[in-house]
Amino acid sequence: MKQNIEFCTCTQTKCRWHPKNHTDGCTPCIQKNLKNGEIPSCFFNLTGKANQRKGDTIEDFAKLVLEK
Ligand code: SF4
């Protein structure tokens with residue numbers, strides 16, 4: 001089943017989990033992030049400071065939100 005993922009703002013299009021590279025929508029990305037205790041790029045992009053992040057962890061995300 002092809003999923004509509006045009007809302008994805010992740011720019012890492014070479015990532016094997018990016019929706020452009022399969023037909024499973026957000027599922028592989030979310031699975032990877034949950035397994036690693038990380039936050040997907042689309043949420044980092046909402047902070048407007050994604051380019052300042054130190055990593056992809058929940059703590060890295062929380063720091064950017066608090067700085068916003
Ligand atoms: S969860 Fe992952 S695949 Fe889905 S929109 Fe966010 S970054 Fe893109």
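**G37 and helix α1**

I started at the residue just after α1. G37 takes a positive phi there, about 65 degrees. The model is predicted, so I checked the confidence next. The mean pLDDT of the protein chain is 93, and 96% of its residues reach 70 or more. Among the elements, α1 has the highest mean pLDDT, 97. Helix α3, residues 58–67, has the lowest, 95.

I then asked how many residues of α1 are buried. The number is 1 of 10, so α1 lies largely in the open.

**Chain overview**

I counted the elements and found 3 helices and 0 strands in the protein chain. Read along the sequence, the pattern is α-α-α. For the extent, I noted that the C-alpha trace spans about 40 × 25 × 15 Å along its principal axes.

Burial came next. Of the 68 residues of the protein chain, 9% count as buried. I also looked up contacts with a separation of 6 or more, and residues 24 or more positions apart account for 12% of them.

**The ligand shell**

Which residues surround the ligand? I listed C8, C10, P19, C26, C29, I30, P40, S41 and C42. Two elements give two or more residues to this shell, namely α1 (27–36) and α2 (41–46). I sorted the shell by class and got 8 nonpolar residues, 1 polar residue and no charged ones.

**I30**

I took I30 from the shell around the ligand and placed it in helix α1. Is I30 buried or exposed? I found 12 C-beta neighbours inside 10 Å, and because the limit for exposed is 12 or fewer, I30 counts as exposed. I also checked a distance from this residue to T57, which is 27 residues apart from I30 along the chain. The C-alpha atoms of I30 and T57 are separated by 13 Å.

**C10**

C10 is also listed around the ligand, and I located it in the segment before α1. C10 has 19 C-beta neighbours inside 10 Å, and a residue needs 20 or more to be buried, so C10 counts as partly exposed. Which residues does C10 contact, once its neighbours within four places in sequence are left aside? I found H18, S41 and C42. Of these partners, S41 and C42 are also in the ligand shell. For a distance to α1, I took L34, 24 residues from C10 along the chain, and the two C-alpha atoms are separated by 17 Å.

**E38**

I went back to the stretch following α1. E38 lies in the loop between α1 and α2. I counted 18 other C-beta atoms within 10 Å of E38, so I entered this residue as partly exposed. Leaving aside neighbours within four places in sequence, I found E38 in contact with N33, D56 and T57. Where does E38 stand relative to F61? The two residues are 23 residues apart along the chain, and I noted a C-alpha separation of 8.6 Å.

Note on methods. Residues are numbered from 1 along each chain as its sequence is written. This is a predicted model: local features need pLDDT of at least 70, side-chain atom pairs count only at pLDDT 80 or more; totals for chains, interfaces and linings use all residues. A residue is near a molecule or strand if its C-beta atom, placed from the backbone, lies within 6 Å of it. Helices (H or I, at least four residues) and strands (E, at least two) are DSSP runs, numbered from the N terminus. Ala, Val, Leu, Ile, Met, Phe, Trp, Tyr, Cys and Pro count as nonpolar, Asp, Glu, Lys and Arg as charged, and the others, Gly among them, as polar. pLDDT is the predictor's confidence in each residue, from 0 to 100. Two residues are in contact if their C-beta atoms, placed from the backbone, lie within 7 Å.
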